[in-house]
Amino acid sequence: MTDKTITIGTRGSKLALWQAEKVRALIQATFPEVHCAVKVIRTKGDKILDVALSKIGDKGLFTKELERCLLEGEVDVCVHSMKDMPTVLPKGLFIAGVTERAYPNDVIVASAKGLTLSDLPAGARVATGSLRRVAQLARLRPDVTACEIRGNIDTRIGRVLAGEFDAAILAAAGLYRLGLEEQISSLIPTEEMIPAVGQGAIALEARADDREVAHLCTAISHQPTLRAVEAERYIMRALEGGCQVPMGAYATESEDEQGRRMIHIDAFVATLDGTRFLRAQASTPVDQAIEAAGKIVDDLVSQGATEILEALR
């Protein structure tokens, strides 16, 4: 590939632009002869800021406009936060690569540094725009109040520091990527609050018939993260879940005592009030990750996941 120009499609937020620049740098470090341009595209989710995400009821809220530009050839690859990706992609598109996952945890942001979830006073107002976090917060701290919040990271932090809320729960990856880690009061362990599917990973979406771009994306993709995300997305797709339902899944790789690469998957489905919290886990060699994800789906369904999710739709 020589003198090739690749146009990267992205949303226009600070975080989205950081992610696009990260991908651009990875491509050009691996393929110095490739030039990358960045095209900013506004999505429906960027335009509607006064309505809760769960009430808009539109899959692809942060991806649809980018995918249209990709299909029409206006851009060659789209960069997304993996957790924003719908489970079913438009015909002709596929996830061509995933960057190495960073900081999958959720975090507490509050005026008081070092404040943890257990430290929050009874009656505290905790801001979040995620039903996944609402359900887990209700389970862990039923004595605090979850409050809806929208807007970019700076806006959310500003509203907490202004005293509108006692704390907010945000994704760690976004704060670290924007150099805002000093605003983190505490990190919530993933065992305590299971992350969203794909949280902390950056997705590269391309046209299925564009072999050159697919080659670029494969070359910069982090295979352990890709395997983990594929297992997580299998669970979400099988349960017909998404960012608008209280569920999560998180997969990690490690090496066992025999030197085998293993994948561990932890997933949940819950009612919004946290009174029913269904959880399933599995560990297996990495080449059996999808089979393990299927067993987790079966386990959650047997516990009543389908009924919970149907009641919420």
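Here a colleague asks a modeller how the labels put on this predicted model are justified.

Colleague: Let's start with the sheet. What is the order of the strands in the open sheet of five strands?

Modeller: The order is 2-1-3-10-4, and the pairing is mixed.

Colleague: What makes strand 2 and strand 4 edge strands?

Modeller: Each has a single partner strand, so one side of each is left without a neighbour in the sheet. As for the twist, neighbouring strands are turned by 30° against each other on average, ignoring direction.

Colleague: How do you know that strand 1 pairs with strand 2?

Modeller: Two strands pair if there are at least two bridges between them. Strand 1 and strand 2 are joined by seven, and they run parallel. One example is Thr10, whose bridge partner in strand 2 is Val40.

Colleague: And what makes strand 1 and strand 3 a pair?

Modeller: The cut-off is at least two bridges, and these strands have two, in the parallel sense. Ile8 has Val77 as its bridge partner in strand 3.

Colleague: Why is the pairing called mixed? Which strands run antiparallel?

Modeller: Strand 3 and strand 10 do, with five bridges between them, whereas strand 1 and strand 2 run parallel. In the antiparallel pair, Cys78 stands opposite Glu205 in strand 10.

Colleague: How many residues of strand 3 are buried?

Modeller: Five of its five, so the strand is mostly covered, given that buried means under 20% relative accessible area. Val77, Val79 and Ser81 point one way and Cys78 and His80 the other.

Colleague: Which helices lie on this sheet?

Modeller: Helix 1 lies across strand 1, strand 2, strand 3 and strand 10, and runs at about 170° to strand 2. Helix 4, residues 64-71, packs on the sheet too, touching strand 1, strand 3, strand 4 and strand 10. The direction of helix 4 makes about 165° with that of strand 3.

Colleague: Now helix 8. Which of its residues are buried?

Modeller: Val213, Ala214, Leu216, Cys217 and Ile220 are the buried ones in this helix, which spans residues 211-220.

Colleague: How do you know that they are on the same side of helix 8?

Modeller: They cover an arc of only 160° around the axis, and that puts them on the same side. In general, an α-helix has 3.6 residues a turn, so residues three or four places apart point the same way. What covers the buried residues here includes strand 1, helix 1, strand 2, strand 3, strand 4 and strand 10.

Colleague: Let's turn to the nonpolar cores. Which residues touch the most other members of the largest one?

Modeller: Out of 27 residues, those are Ile235, Leu239, Met247, Ile265, Val269, Ile296 and Leu300. Helix 9, strand 11, strand 12, strand 13, helix 10 and helix 11 each supply at least two residues, and helix 10 gives the most, with six. There is also a second, separate core of 18 residues, including Ala96, Leu204, Leu216 and Ile220.

Colleague: What is Val269 in contact with, leaving aside its neighbours within four places in sequence?

Modeller: Its contacts include Leu239, Pro246, Met247, Phe277, Leu300 and Ile308.

Colleague: On to charges. Why is Arg159 with Glu164 called a salt bridge?

Modeller: The cut-off is a side-chain nitrogen within 4 Å of a carboxyl oxygen. For Arg159 and Glu164 the N to O distance is 2.4 Å, so the pair counts, being within 4 Å. It is one of 17 salt bridges in the structure.

Colleague: And what makes Glu74 with Arg68 a salt bridge?

Modeller: Their closest N and O atoms are 3.7 Å apart, and the limit is 4 Å. Salt bridges that share partners also join Arg68, Glu72 and Glu74 into one network.

Colleague: Why is Glu74 called partly exposed?

Modeller: Its relative accessibility is 37%. Buried would be under 20% and exposed over 50%, so a value in between counts as partly exposed. Arg68 gets that label too, at 41%.

Colleague: How do you know that Arg207 and Asp76 tie together parts that are apart in sequence?

Modeller: Their side chains meet in a salt bridge at 3.4 Å, N to O. Arg207 lies in strand 10 and Asp76 in the loop between helix 4 and strand 3, so the pair links parts 131 residues apart in sequence. Arg207 and Asp76 are both buried.

Methods. Residues are numbered from 1 along each chain as its sequence is written. This is a predicted model: local features need pLDDT of at least 70, side-chain atom pairs count only at pLDDT 80 or more; totals for chains, interfaces and linings use all residues. Side-chain values use heavy atoms; hydrogens and water are left out. A nonpolar core is a set of buried Ala, Val, Leu, Ile, Met, Phe, Trp, Tyr and Cys residues joined through side-chain atoms within 4.5 Å. Buried means under 20% relative accessible area, exposed over 50%, partly exposed in between (1.4 Å probe, protein chains only). Helices (H or I, at least four residues) and strands (E, at least two) are DSSP runs, numbered from the N terminus. Contact means heavy atoms within 4.5 Å. The arc is that of the directions from the helix axis to the C-beta atoms. Axes are lines fitted to C-alpha atoms, for helices over the stretch in contact, and angles run from 0 to 180 degrees between N-to-C directions.
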